[in-house]
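Trainee: I'd like to practise reading a model residue by residue. Could you walk me through one?

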Amino acid sequence: MVVLSPETIIELFGLSIDDVDCSGLKLHLDKVFVFKGKGVLAVNSRKLAEVEEAKTENNVYHLAPGAYRIRYKEIVRVPSNAIALAIPRSTLIRNGTTIYTAVWDPGYEGRGEGLLTVFNPNGVDIEKGAQIAQLIFIKLDKETKFVYRGLYQKENI
C-alpha cells in the first residue's frame with residue numbers, strides 16, 4: 001500500500017503547504033446539519049434523512065451529544081488511481097467526538113460530507129472553519145476505469 005505524501009498531494013492538486021497536514025489534505029468544517037427526519041436505504045432505492053443547518057453563535061457550533069451530518073469546506077477531486085479516507089483530527093477524539101466517513105472513490109469530485117458524533121455528555125464547541133480531519137490518499141496498483149459515477153458526484157460544489 002502506498003499513501004501519498006503531503007509533498008505529492010501539494011504537487012498533484014496544486015496546493016500550498018498550508019493545505020496539508022503531516023499525513024494528508026486538511027479538511028475544515030463548513031457546515032453542521034441536524035437530522036429532522038428518517039432516512040431509507042433499500043435494495044433499489046434510498047432516501048436521505050431531512051436535515052437543517054445547526055445554528056451558530058459567533059461562528060461557533062455548540063453541539064450537544066448526538067449525531068450530526070457535516071460538510072467539509074474543501075472541494076476534493078480524487079484521482080482515478082487512488083482512493084481517499086477521512087481520518088478525524090485527534091483533538092476531536094480527545095474531546096469525546098469523532099467523524100465517520102465512507103471511502104472517497106476514484107474519480108469522486110465534490111465537497112464531501114460525513115457523520116460527526118458527539119459522545120461527550122457535556123457536548124463540544126466547534127468553530128466553523130476549524131480543521132476537523134485529514135484526507136489520506138491511498139494509491140491503487142493501477143489507474144481504474146471504475147471511477148465514481150454515483151448520486152453524490154459533484155455534490156455541494
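Mentor: Sure. Let's settle some vocabulary: a residue is buried under 20% relative accessible area, exposed over 50%, and partly exposed in between. Keep in mind that this is a predicted model.

Trainee: Then is N156 buried, exposed or partly exposed?

Mentor: N156 has 26% relative accessibility, so it counts as partly exposed. You'll find N156 in the segment after β14. Its backbone deserves a look too: phi of N156 is near 60 degrees, a positive value in a residue other than glycine.

Trainee: Which other residue has a positive phi although it is not a glycine?

Mentor: Try N58, with a phi of about 55 degrees. N58 sits in the loop between β5 (51–53) and β6. With 72% relative accessibility, over the 50% cut-off, N58 counts as exposed.

Trainee: Now a strand residue. What does the side chain of R71 pair with?

Mentor: For polar contacts, look for N or O atoms within 3.5 Å, one able to donate a hydrogen and the other to accept it. Here the side chains of R71 and D30 are joined by such a contact at 2.8 Å. R71 belongs to strand β7, and its relative accessibility is 12%, so it counts as buried. Setting aside residues up to four places away in sequence, R71 touches a list of residues that includes H28, D30, F33, E113 and our earlier N156.

Trainee: And Q131, where is that found?

Mentor: In strand β14. Q131 is buried, because its relative accessibility of 14% is under 20%. Its side chain makes a polar contact of 2.7 Å with the side chain of D21, and also reaches the backbone oxygen of A133 at 3.3 Å. Beyond four places in sequence, the contacts of Q131 are D21, K26, L27, H28 and R89.

Trainee: Let's turn to the nonpolar side. How many residues are in the largest nonpolar core?

Mentor: Such a core gathers buried nonpolar residues joined through side-chain atoms within 4.5 Å. The largest one here has 30 residues, and those with the most contacts inside it are L63, Y72, W104, I132, L135 and F137. Several strands supply at least two core residues each, among them β2 (25–35), β9 (82–88) and β14 (131–139). Click on W104 and check its surroundings: leaving aside neighbours within four places in sequence, W104 is in contact with residues including L27, Y72, I83, A86 and L135.

Trainee: What about I75, where is its place?

Mentor: I75 is in the loop between β7 (66–72) and β8 (76–77). At 33% relative accessible area, I75 falls between the two cut-offs, so it is partly exposed. Outside its neighbours within four places in sequence, I75 contacts G110, R111 and I157. Y148 is 73 residues from I75 along the chain, and their C-alpha atoms are separated by 15 Å.

Trainee: Last topic, pockets. Which residues lie nearest the centre of the largest pocket?

Mentor: When you read a pocket, ask about its volume, then its lining. The largest pocket holds about 590 Å³ of space. Of its 17 lining residues, A102, E113, G114, Y152 and E155 lie nearest the centre. β12 gives the most to that lining, with three residues.

Trainee: How do the residues of the lining divide?

Mentor: There are 10 nonpolar, three polar and four charged residues in the lining of the largest pocket.

How values were computed
Residues numbered from 1 in each chain as written. Predicted model: local features only at pLDDT ≥ 70, side-chain atom pairs only at ≥ 80, totals over all residues. Heavy atoms only, no water. Helix = DSSP H or I, 4+ residues; strand = E, 2+ residues; numbered from the N terminus. Buried < 20%, exposed > 50% of the residue type's maximum accessible area, 1.4 Å probe, protein only. Contact = heavy atoms within 4.5 Å. 1 Å grid on protein atoms, 1.4 Å probe; cavity = no way out; pocket = protein on both sides within 12 Å on 5 of 7 lines; lining within 4 Å. Points joined across faces, edges and corners; volume = space filled by probe spheres on them. Nonpolar A, V, L, I, M, F, W, Y, C, P; charged D, E, K, R; others polar.
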